[in-house]
Amino acid sequence: MSDMTPAAYRVTANEPETADTRTLTMEPLSGERLSYQAGQFTMLYAFGGGEVPISISGDPTPGQPLVQTVRALGAGTQSICRLESGEQIGVRGPFGRGWPDLSELEGDLLLIAGGLGLAPLRPALYEALRRPANRGRVTLLYGGREPEQLLFREELDRWRASREIDCELIVDIAGANWHGSVGVVPSLIERTAIDPATTSALVCGPEVMMRYAADALLARGLAASRIHASLERNMRCAVGHCGHCQWGASFICRDGPVLEWSVIGPRLGVREL
């Protein structure tokens, strides 16, 4: 099948995450389940509602169903979020460059997410938890605007209770029922134990958060080549033809969305690029 032709999938589950965000589980109407790498995305097509790029948020182990987490912002994503179990959706992909192969990385892993940015990092976290314990410590730093906007709350509770991962949460605004940290995600980096020579960082979230997180990591001594971030740009075709997501010499849909900070950092310093 062509990269430009959507395959027909059926929604098997649509679970609420927050007031405006849903996690959909999908199965192909025919053929094998989709094989993908952590950090890749698909183009989801809601019939009559348009097509949008959405990162994959499920377990990348071969043979698993396709799972994607969608925030209802525009007409296309609103149509997708309204789909009920049994309804059909079009899927193109997977596309793009994902996170580095975590099975080959030695040393500690630091995953830093803001808001919806935990969705693209979730497959990488699944892979990180399957690494042998002697390969290094796994730490998740995750924040949202309010406690009610944090994704995957049941999993977060399990991860925080587990000895397999260090999990720190933070919110911008908290009520009386919140007993965790209050502030911004990059502030967690300052109090996290980091060996810059052996730590690799994966970062995803609002661009301003990623910039401050990368600055904090660089200040702690991490090399820019050890910092990987997932960018969100105006992707339309997903195969580098339309030019909507061109960023300097790169097309985010084809050469990203995951890039090393050694590439991202200098470009972010170019005004209006």
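**Figure 1. Helix α2 is largely enclosed by the rest of the structure, since 10 of its 12 residues are buried.** Buried here means under 20% relative accessible area, exposed means over 50%, and partly exposed is anything in between, worked out with a 1.4 Å probe on protein chains only. This is a predicted model, where local features need pLDDT of at least 70 and side-chain atom pairs count only at pLDDT 80 or more, while totals for chains, interfaces and linings use all residues. Residues are numbered from 1 along each chain as its sequence is written, and side-chain values use heavy atoms, with hydrogens and water left out. The helices (H or I, at least four residues) and strands (E, at least two) are DSSP runs, numbered from the N terminus. The buried set in α2 includes Leu118, Arg122, Tyr126 and Ala128. What covers them? Among the covering elements are β4 (50-55), β5 (66-71), β7, β8, α3 and β11, with contact meaning heavy atoms within 4.5 Å. As for length, 12 residues at 1.5 Å a residue should span 16 Å, and the end C-alpha atoms of α2 sit 15 Å apart, which agrees; the expected span is 1.5 Å times one less than the number of residues.

**Figure 2. Seven strands line up in an open sheet with mixed pairing.** Reading across, the order is β10-β9-β8-β7-β11-β12-β15; two strands pair if DSSP finds at least two bridges between them. At the edges stand β10 (181-182) and β15 (258-260), each with a single partner strand, so one side of each has no neighbour in the sheet. Helix α2 (residues 118-129) packs on this sheet, touching β7 (109-114), β8 (138-144) and β11 (200-204), and its direction makes about 160 degrees with that of β7. Such angles run from 0 to 180 degrees between N-to-C directions, using axes fitted to C-alpha atoms, for helices over the stretch in contact. Helix α5 (residues 207-219) lies across β7, β11 and β12, at about 165 degrees to β11. Zooming in on one edge, β12 (residues 227-230) and β15 run antiparallel and are joined by 3 bridges. Which residue of β15 stands opposite His228? That would be Glu260.

**Figure 3. The largest nonpolar core has 36 residues.** A nonpolar core is a set of buried Ala, Val, Leu, Ile, Met, Phe, Trp, Tyr and Cys residues joined through side-chain atoms within 4.5 Å. Inside this one, Ile112, Ile189, Val203, Leu217 and Ile264 have the most contacts. Contributors of at least two residues each include β3 (41-46), α4 (186-190) and α7 (261-268), and the largest share, 6 residues, comes from α5. Look around Ile264 and you find it touching Ala229, Leu231, Trp247 and Leu259, leaving aside residues up to four places away in sequence. Apart from this core lies another, of 30 residues, with Ala38, Trp99, Ala113 and Ala128 among them.

**Figure 4. Salt bridges tie the β6-β7 loop to the α2-β8 loop.** A salt bridge is a side-chain nitrogen of Lys or Arg within 4 Å of a carboxyl oxygen of Asp or Glu, and the whole structure has 10 of them. Glu106 and Arg135 meet at 3.2 Å, N to O, and they are 29 residues apart in the chain. Glu106 is exposed at 53% relative accessibility, whereas Arg135 is buried at 16%. Next, Arg137 pairs with Asp108, with the closest N and O atoms 3.6 Å apart. Arg137 is partly exposed at 33%, and Asp108 is buried at 15%. Salt bridges that share partners join Asp108, Arg137 and Asp166 into one network.

**Figure 5. Some backbone oddities: two cis peptide bonds and two positive phi values.** Most residues other than glycine have a negative phi, and most peptide bonds are trans. One cis bond runs from Gly93 to Pro94, with omega near 10 degrees, and Pro94 lies in strand β6 (residues 88-95). Another joins Gly256 and Pro257, with omega about 10 degrees; Pro257 sits in the loop between α6 (252-255) and β15. Phe152 has a positive phi of about 50 degrees and lies in the loop between β8 and α3 (153-161). Ala238, in the loop between β12 and β13 (246-247), has phi near 75 degrees. Buried or exposed? Phe152 is buried at 5% relative accessible area, and Ala238 is buried at 3%.
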